[in-house]
Amino acid sequence: MGESSGIAAVCIDQALPQLDRLFDYRIPEDLADQVRPGCRVKVRFGSRKVSGFVIEVKPSTDFTGKLLWVSDLVSPEVVVSAEVARLARAVADRYAGTLADVLRLAVPERRVRVEAEAVGEALPVAAPDSRAWRRYNAGEAFLRALRETKSPKAVWGALAGEDWPARFAEAAAATASAGRGAVLVVPDQADLDRLDAALAAVLGPDRHVTLSAQMGPTKRYRAFLKAARGEVRVVAGTRAAAFAPVADLGLVTIWDDGDESHVDRHAPYPHAREVILTRANLADAACLVGGYGRTPQAQLLVETRWAVDMTAPRDEIRSATPRIVPIGDEADLERDPSGGTARLPTVAWEAARAALAADRPVLVQVPRRGYVPAVSCQRCRTRAACPNCSGPLRLLGARRAPVCGWCGTMVDFRCAECGSGRVRAVIIGAERTAEELAQAFPGVQVVESTGAERLDAAPGGAAVVVATPGVEPLALEGYGAVLLLDTWALLTRAELTASEEALRRWMNAIALARPDGTAVVVADGGLAVVQALLRWDPAWFAARELAERAELGFPPVMKFAALTGPNGEAEKLAADLPSDLGVEAIGPIPVDEHTERLLLRVRRRDGAALASTLAKATAERASAKADPVRIQIDPREIA
């Protein structure tokens, strides 16, 4: 093939863990000017040609065998910058994954036509007005540091009703005005749409792009290339945007880091928060972790002094927060006996009626969509079970017989304990709640917003919006009342994060209310999580949760790994781990008849060593063609 013009170190696009390293290939002389770090190539591996990314071009190699040639140049476009390559390697190491898996998440599918489009220049961005940040301690100083190309790091507790997309846009504008780049990550498309509009208003047109899977492959790749070519300095998007190839990175941000949407569903299952924290460290960039609530992970950043606590003074919090009323403790039940049993306690009904009378919308948050997800005996409250398979019964509509949620059998119910043939709802879904509220407030428009059918905005004027958590639509001037029903369904979930998640969802809903509105939470006001809600003090609750996790030995104070595989295989893998790691095994527990799950726990400082050891063990098992075991570091239900 002629003379070699250097050596390309290539990450081949193969998911096999035993191939998680760079392979050296000789660069043909005719490709010398085009093969460069970050471009796509084809190389021969074994008997096949495979795709790969050039990570490095070097003059020589340490490999003593015969080197193969780069077969083809797929594209000269640099789609993996040196900074993103370092980030991807660090993320792969943290999650016991492979570099190829991470790059598959970071780089969208190629579109040839897009690469032929002309390259533009980055437009200047003016420094933003920072007066809105004066409401927060150190807020204005944070933006000033961004304009001065410094790298401040903060955990931001947003006030109720805060226009957080505008604040994020101002932080991005402060960074871009100094000639540096910014990456902003949000949980879902609805949040991205709001942030996109705010960025256009603050930065001006054609100064940012958005990245999300919902864009479609062509639009996504076009936006990706604009960032990679330096045509824009600001990129906003969902979790994959954490890897966006922004040059001269000056700021990374994430909104609502407790949202499960930030966790990727593909190996190695990284959390966007950990990606941006890693990126901030590697690139020496500023970092902003924002939300109405606060996770223990974010609180740990404050307590270790990695980030400053950027919250508002108490008087600002009081003026921005609607009146929050709990219903559920003994004193409440004495005043309103219906509070413990009624679907809509008197206090909640009165708050809704007052808001509707003032021609303002009412938001009702329920934990589940659908009709009535579960039922019990109306007389003795015994769980209603299927006589055939003992599965839970469900109601799918008014005046219909219960149906088994497991086998689908329609059941002529008769309680085994008391003989009653009547049932009651245990967890009432959004559809049934909407029906009940339509009866309670005749003549008022009642609409639903669920994951399957999400409303973009609440109706104007007097209306009732029944929504499941995370899909509550905005009201133009805020809701007059917010009702949080079936709160126990969130609080009693069998997950470590149940209380934290409940508080996050409640705060996100109440943040949509007017400052002069009312929020009613049907829960015992003596619970710590409800106290945090009443005081609008998520930092206090996060600190409390963090202290409890430290005592119990859970993340983020300790590091966990979940091993899932065929019965016995996870235990075999764990048995080969070095004893000096101090690994504590918990389980295994059955996932199904043929699969089990084993948890491994180590001290936080040994987390990197555990991930490295697990990655090596996985590679060895793959080489030996052993049954695969899926590894998840700090799985969502624990961390």
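Why is α9 largely enclosed by the rest of the structure? In this predicted model, seven of the eight residues of α9 are buried, and the helix is therefore largely enclosed by its surroundings. The buried residues are P296, Q297, A298, Q299, L300, L301 and V302. Their cover includes the strands β6, β11 and β12, together with the helices α8 (272-283), α15 and α17 (538-552). Helix α9 itself spans residues 296-303 and lies across β6, β11 and β12, running at about 130° to β6. After α9 comes R305, which has a positive phi, near 65°.

The strands beneath this helix lead to the sheet. Strands of a sheet pair through backbone hydrogen bonds, either parallel or antiparallel. Here seven strands form an open sheet in the order β8-β9-β7-β10-β11-β6-β12, and their pairing is parallel. At its edges are β8 (208-211) and β12 (308-310), each of which pairs on one side only. On average, neighbouring strands of this sheet are turned by 15° against each other, direction ignored. One pair can be followed in detail: β6 (residues 153-157) and β11 (residues 286-291) run in the parallel sense and are joined over five bridges. Within this pairing, V155 stands opposite V289 in β11.

Helix α15, named above as part of the cover of α9, comprises residues 498-510 and contains N508. With a relative accessibility of 18%, N508 falls under the 20% limit and so counts as buried. Apart from neighbours within four places in sequence, N508 is in contact with D256 and Y292. The contact with D256 includes a polar one between the two side chains, at 3.2 Å. As a further point of reference, A355 is 153 residues from N508 along the chain, and the C-alpha atoms of these two residues are separated by 19 Å.

A pair of packed helices completes the tour. Two packed helices are described by the angle between their axes and the distance between the axes. For α4 (residues 139-147) and α5 (residues 164-177), the angle is about 30° and the axes are 7 Å apart. Angles under 35 degrees count as roughly parallel, and α4 is therefore roughly parallel to α5. On the α4 side the contact is made by L143, L146 and R147, which meet E170, A171, A174, T175 and S177 in α5. By character, the residues of this contact divide into four nonpolar, two polar and two charged.

Terms used
Residues are numbered from 1 along each chain as its sequence is written. This is a predicted model: local features need pLDDT of at least 70, side-chain atom pairs count only at pLDDT 80 or more; totals for chains, interfaces and linings use all residues. Side-chain values use heavy atoms; hydrogens and water are left out. Axes are lines fitted to C-alpha atoms, for helices over the stretch in contact, and angles run from 0 to 180 degrees between N-to-C directions. Helices (H or I, at least four residues) and strands (E, at least two) are DSSP runs, numbered from the N terminus. Angles under 35 degrees count as roughly parallel, over 145 as roughly antiparallel, 65 to 115 as roughly perpendicular and the rest as oblique. Contact means heavy atoms within 4.5 Å. Ala, Val, Leu, Ile, Met, Phe, Trp, Tyr, Cys and Pro count as nonpolar, Asp, Glu, Lys and Arg as charged, and the others, Gly among them, as polar. Two strands pair if DSSP finds at least two bridges between them. Buried means under 20% relative accessible area, exposed over 50%, partly exposed in between (1.4 Å probe, protein chains only). A polar contact is a pair of N or O atoms within 3.5 Å; within protein, one must be able to donate a hydrogen and the other to accept it, and residues adjacent in sequence count only if both atoms are side-chain atoms.
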